[in-house]
Amino acid sequence: MNGVEGSNVTDIAFWVVSAVAIAASIMVVTLRDIFRAALFLALSFMAVAGLFILLRAEFLAVVQILVYVGAISILIVFAIVLVRDMPGGGKDNHLKVVAATVAALVGALAIFVSFNSEFTDLDALEASNPDVAAALTGTYNLESTGAVDEEFEDQIAVALPVGEDGTQTGIFSNSTGAIGGLFIRDFVLPFEAVSVLLLAAMIGALALLRTREEEDS
Amino acid sequence: MTLENVLLVSAVLFAIGLYGALAKSNAIMVLMSIEIMFNAVNIAAIAFSRFTVPAGLTDSPVTVTQQAVQRALTGQMLSVFVITAAAAEVALGLALVIVVYRRRDTVDVTDLTEMSG
């Protein structure tokens, strides 16, 4: 992976995947047929999953396919079939021109800000500090570098399995394990809060859709 | 593939989603456009996780590896929670759409003006 990263191949793959994502999203907001729009939405989700892989987020790419393509797209298709409002369903309201202006302004502002801000570059840090590069993308031996304290060594051993010779793979090479470790360590409170959110959403959806005989005629 | 290029794609996707959310009259189309905006935010968060480190990290050379390892995945964690919130949002949103369709026989948001006084 390190040999490919930064080469022309990733650049070409990035622009192809981005073009697919943007084109599919434009189709979603311009198509009249709402069912076809939902299918193009699934295509856009898959292209975004490809972007995640190029950005060293393999775990999130899989989650994106499972949750967005597998669950949300199917749910939207089900809703379209249930509602039966398909022909002409994707028509615009009278705010079309205002909406296009506002969206163009917000997009231009975001692009302006991102091209005029200074960020601390991770690649530069990796180039100047081989320890960091090894800990992020290569393999490294925590005990030999002496760059981490004992307590942190124990913590990270939970997330990243240590091989027989004492070496570990970097967190971007094994991001699934590292994310799992973060879930039960640094992000345990948001993790529990999100479980409550999902439970509340499930109960709320069931309560909304329950048909009451005395009300429905 | 630089940070600016990824943020450019993210901003374009966000603008497309914003246009759809504001200009569409079908409630399901509005929900789909909001999902495009969620995706754009996720791309930005993961791009920051991939390309940047927090400012001031390099000032403490003793623990710079440790801090880099601890903080490099923060953007990806944010995006995991965004995906979870998006899933909950779309489940509740589609339930609301179906309830509205049962009672009013339409999902056109421009027709739902009961609360405008």
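L95(A) sits in the loop between α3 and α4 of chain A. The model is predicted. L95(A) belongs to a nonpolar surface patch of about 350 Å², together with V98(A), V102(A), V106(A) and L22(B). The patch therefore draws on chain A and chain B, as nonpolar side chains are joined within 5 Å. Helix α4 (residues 96-115) of chain A provides its largest share, 3 residues.

Now the interface. Chain A puts 95 residues in contact with 81 residues of chain B. About 7900 Å² is buried between the two chains, and carbon and sulfur atoms give 76% of that area. V29(A), L55(A) and V83(A) supply 8% of what chain A buries against chain B, more than any other three residues.

Polar links can be counted too. Between chain A and chain B there are 0 salt bridges. The count of residue pairs in polar contact, both at pLDDT 80 or more, is 6. On the side of chain A that touches chain B, helix α3 (residues 58-83) gives the most, with 13 residues. The residues of that side divide by class as follows.

| Class, side of chain A touching chain B | Count |
|---|---|
| Nonpolar | 66 residues |
| Polar | 16 residues |
| Charged | 13 residues |

Both helices named here are in chain A: α3 serves the side that touches chain B, and α4 serves the nonpolar patch.

Notes:
Residues numbered from 1 in each chain as written. Chains lettered and ligands numbered in written order. Predicted model: local features only at pLDDT ≥ 70, side-chain atom pairs only at ≥ 80, totals over all residues. Heavy atoms only, no water. Contact = heavy atoms within 4.5 Å. Buried area = accessible area lost by both parts, 1.4 Å probe. Salt bridge = Lys/Arg side-chain N within 4 Å of Asp/Glu carboxyl O. Polar contact = N/O pair within 3.5 Å; in protein donor to acceptor, adjacent residues only side chain to side chain. Helix = DSSP H or I, 4+ residues; strand = E, 2+ residues; numbered from the N terminus. Nonpolar A, V, L, I, M, F, W, Y, C, P; charged D, E, K, R; others polar. Patch = residues over 30% accessible without salt bridge, like charges linked within 9 Å, V, L, I, M, F, W, Y side chains within 5 Å. Areas by Shrake-Rupley, 256 points an atom, 1.4 Å probe, with all protein chains shown as cover.
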